[in-house]
There are 2 protein chains.
Amino acid sequence: MQPELRKAARRGRASRQAAVSTTVAPRTRKVRPYTLLDEAALVAIEDQADWILQNIGVEFRGDQVALDLFAAAGANVDGERVTFEPGLARKLCSTAPSEFKLHARNPANTVTLGGDNVVLMPGYGSPFVSDLEKGRRYATLEDFQNFVKLTYSTPWLHHSGGTVCEPTDVPVNKRHLDMVLAHLTLSAKPFMGSVTSPERSQDSIDMARLVFGAEFMEKNVVMQGNINANSPLIYDDTMSGSLRIYAAENQCVCVSPAIFAGAMGPLSPAAVVAQTLAEAMVGIALVQLVRTGCPVVFGSFHSTMNLKSGALTFGSPEANLASMAISQLGHRLGVPVRSGGGQISASNAPDGQAMQDSTGAMWATLLSGAHQVWHSAGWLEGGLVMSYEKFIMDVDHCGVMLTMLQGFGVDEEAFGRDAYLETGPGQNFLSTQHTLRHFITANFQSDIPEAGSFETWSENGSPTSDQRATARWKQMLTNYKAPPMDENVLAALNEFVARRKASMPDEWY
Amino acid sequence: MQPELRKAARRGRASRQAAVSTTVAPRTRKVRPYTLLDEAALVAIEDQADWILQNIGVEFRGDQVALDLFAAAGANVDGERVTFEPGLARKLCSTAPSEFKLHARNPANTVTLGGDNVVLMPGYGSPFVSDLEKGRRYATLEDFQNFVKLTYSTPWLHHSGGTVCEPTDVPVNKRHLDMVLAHLTLSAKPFMGSVTSPERSQDSIDMARLVFGAEFMEKNVVMQGNINANSPLIYDDTMSGSLRIYAAENQCVCVSPAIFAGAMGPLSPAAVVAQTLAEAMVGIALVQLVRTGCPVVFGSFHSTMNLKSGALTFGSPEANLASMAISQLGHRLGVPVRSGGGQISASNAPDGQAMQDSTGAMWATLLSGAHQVWHSAGWLEGGLVMSYEKFIMDVDHCGVMLTMLQGFGVDEEAFGRDAYLETGPGQNFLSTQHTLRHFITANFQSDIPEAGSFETWSENGSPTSDQRATARWKQMLTNYKAPPMDENVLAALNEFVARRKASMPDEWY
């Protein structure tokens, strides 16, 4: 290294190390979204969604309140089946905001959903966790808390997530209390509440109220609930009941059809995206019928299968195409989009396949303009596992993608004209003033230790990138500091959790 | 699996197995390219390229012929330095065709460069190879021949490449003869000749002539030579001399500036792409001055660095942005583009990092509309190594990307309306007639064995994807069959190689 550069590097390192804890990830995209489909294709898909809603319809099972709301809004209700004249479902969605704030306990972490904004969050729903030392095992509350801490500690995730992993050592009917408590106390980023029953949804909202206050929450969104359609074309009363509770409280409902192509819908990308749109519009319409103007997210989750073996596949070309199309359909629906991608894979280990699948799915998700990304970090084995090492590798790649979404400048300083005048053909640019001015901040820096030269790496035991990631998550947990919280609020939360736990016997299924 | 599906699967497997050897990869894109930059940014970069060519210029070292050609064409020549009034270099490039055929020995493998076409090829230039059994070692002619065979055997690469790896067991001055012989006899896909000296370039062309005939080659392109600028802003006489030989013979010249940002040019993406454009235009202009209308490819190779450690990085956000911009600039220049991406990584192993880097770089390359992709398979350790296992994983991902570039249909059959009428809410689509009609061909199929469930996988020793790839390349080499060649042609080629080898003493550096 040139001496000038070495000196500047020392200064830069010092300032960089001091600045690590305050790194703030970009929250917006500056590059335009990729538009996969043309107008004709988009209209054809929207027409097909209308065809499904008119000719097949959606069933709301065991929820007479929902059925009555749809009947009053002009839909045709026959038993539990609701059908819609073309255009009606879309019209009912039109009162949902295109952009809104999702408030965090620390206002500096408040994000915006919709528009040019991007919100990344960790995996959701895994019953297992794994790390390279202890292997794969059932997730516990400690694991859940660890992932909340890790997510809080990285700048590259904007959102604490929801059921980051299942705390299987806590009774099923009490887990939501510990999970919401962890999100509210160990983190100060936005979070998701429980949706596994209407009562648990209400508990989640009541706990948030202890932190944010009832008055604030009447007018502002501080949490999200994820409502999955029981694809194909069903909402059960757990989901529609929870949806109605979040909507009544004016908190954000993410409506996510979940389609394994070929099983819960036809196997083609065109059918998957049309059905996703149809199912999502119906859920969003119900939110609006419960409370006009309640913020929603057009969610989706879809997977392809190896149709010979039956194995689920992620990051496949068909799934990535569907993700890109869904972003476009969401932009046209005029609500924030959660694309069905993220950093997802069927792989059993954080190996090459895992990162091929995950990276491809993340490009499809982010380049197409999705606003919120579930499963941005940690997700393995088709969602069965949250991997500590993959979490670190994924988070690093979130940094890569967020940096890329900033594009690059084309002003005279970016072109470095002075550097050309200072050097000339065949000269090295390392010690130019232009390089000295910019080299500290020029390029994205990975937080995973470099492998180094092949020789050094071999002497160190040839550690693959997942092996080099182990030290990083341990270091992050060691360095973790809980965000401060008012003592009275903390006491109220703990009292709430204790009281609710004491009010019911343990249930383990 | 449903009984109907099982029956259809048996029929499908049989027809699929029979069809394996005749699988033909798509050669065109059906989805539109991603346009990263707007008109103003593109014009600013083009203006900066003109600024460089006017104010700094390019040196042609030791090549008076080239200098005289530029002087006659209106450029300013001062010693070995050539400068251009704004617009002149671009005007000199304008006689290069926007699209042309690159003929293969087997006409079925002939590809088109430019337009909506995509041509993928293996890595280029690695002195080492590695596989999981024998480790990392200097590449030999046997390795070179193996990669030519593997490339010929996969449908997902369209082109045999050039110096796929360095046959280090053959004298430096004779390697080109064995490499071209391998491409011409072990493969029947398009290939690249040698460029390491004007004589070796001529040998490459003379050998091709024995196969394609002088008359055919006068009017048709059957090979490419890759000419690297000695960035910044120099062409040495080896490169410009070889360029002139390919151009004189009307064979395709790929002009590839190679810029490590911060060393061979300023560290910003804007500067890298402007300098790439400037250097490439000068090379392309020289091709046109030697022979008007000679087919060219606007090539590029660029890397970022960790500016603190000096380590090269690949798949970085800055490099991917540059790749996407270069595709756009090439489209505007009106010639086929080789983007600076491909499946490239600095990783020492085919691990998660390798595939994160490679997958991201490949998305940037292909989504932005690059026409030809060097380094689509095998490349590791910043190009030092061709890995047999990574080759297999990369090739598989080429299949993923080529499939994705086909987009998806939105006709009534794709929407599967009959399947909805056959089922209904809550029903499984696996046994619908629509699924039965399409499931054999619906989804991309990986050639790497599936991991299977976690339990099965653990019993099998938890093989990561690179470990599962080993069997695949061995199987491909075992099953490889050389494409037939006329005995007289083969004898002429062997005679040529023997005669040229006998005509010079071995040189080892």
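Turn chain A by 180°, with 0.0 Å of shift along the rotation axis, and chain A lands on chain B with an RMSD of 0.0 Å. That's how a two-fold axis relates two copies. Both chains use the same surface for their contact: 100% of the contact residues of chain A recur in chain B. Keep in mind that this is a predicted model.

Which residue of chain A comes closest to the rotation axis? It's A:Gly352, whose C-alpha sits 2.1 Å away.

Now for the inside. Nonpolar side chains tend to be buried together in soluble globular proteins. Here, the largest nonpolar core has 293 residues. The residues with the most contacts inside that core are A:Phe60, A:Phe84, B:Phe60 and B:Phe84. Take B:Phe84: if you skip its neighbours within four places in sequence, its contacts are B:Leu53, B:Gln54, B:Phe70, B:Ala75, B:Ala89, B:Leu92 and B:Val282.

Next, have a look at strand β10 of chain B, which covers residues 223-228. Five of its six residues are buried, so you can call the strand mostly covered (buried means under 20% relative accessible area). β10(B) pairs with β9(B) and with β12(B), as laid out here:

| Partner of β10(B) | Residues | Direction | Bridges |
|---|---|---|---|
| β9(B) | 191-192 | parallel | two |
| β12(B) | 252-256 | parallel | five |

You can pick out individual pairs too. B:Met223 in β10(B) stands opposite B:Phe191, while B:Asn226 has B:Cys254 in β12(B) as its bridge partner.

Note on methods
Residues numbered from 1 in each chain as written. Chains lettered and ligands numbered in written order. Predicted model: local features only at pLDDT ≥ 70, side-chain atom pairs only at ≥ 80, totals over all residues. Heavy atoms only, no water. Least-squares fit on C-alpha atoms with pLDDT ≥ 70 in both. Contact = heavy atoms within 4.5 Å. Core = buried A, V, L, I, M, F, W, Y, C linked by side-chain atoms within 4.5 Å. Buried < 20%, exposed > 50% of the residue type's maximum accessible area, 1.4 Å probe, protein only. Helix = DSSP H or I, 4+ residues; strand = E, 2+ residues; numbered from the N terminus. Pairing = 2+ DSSP bridges.
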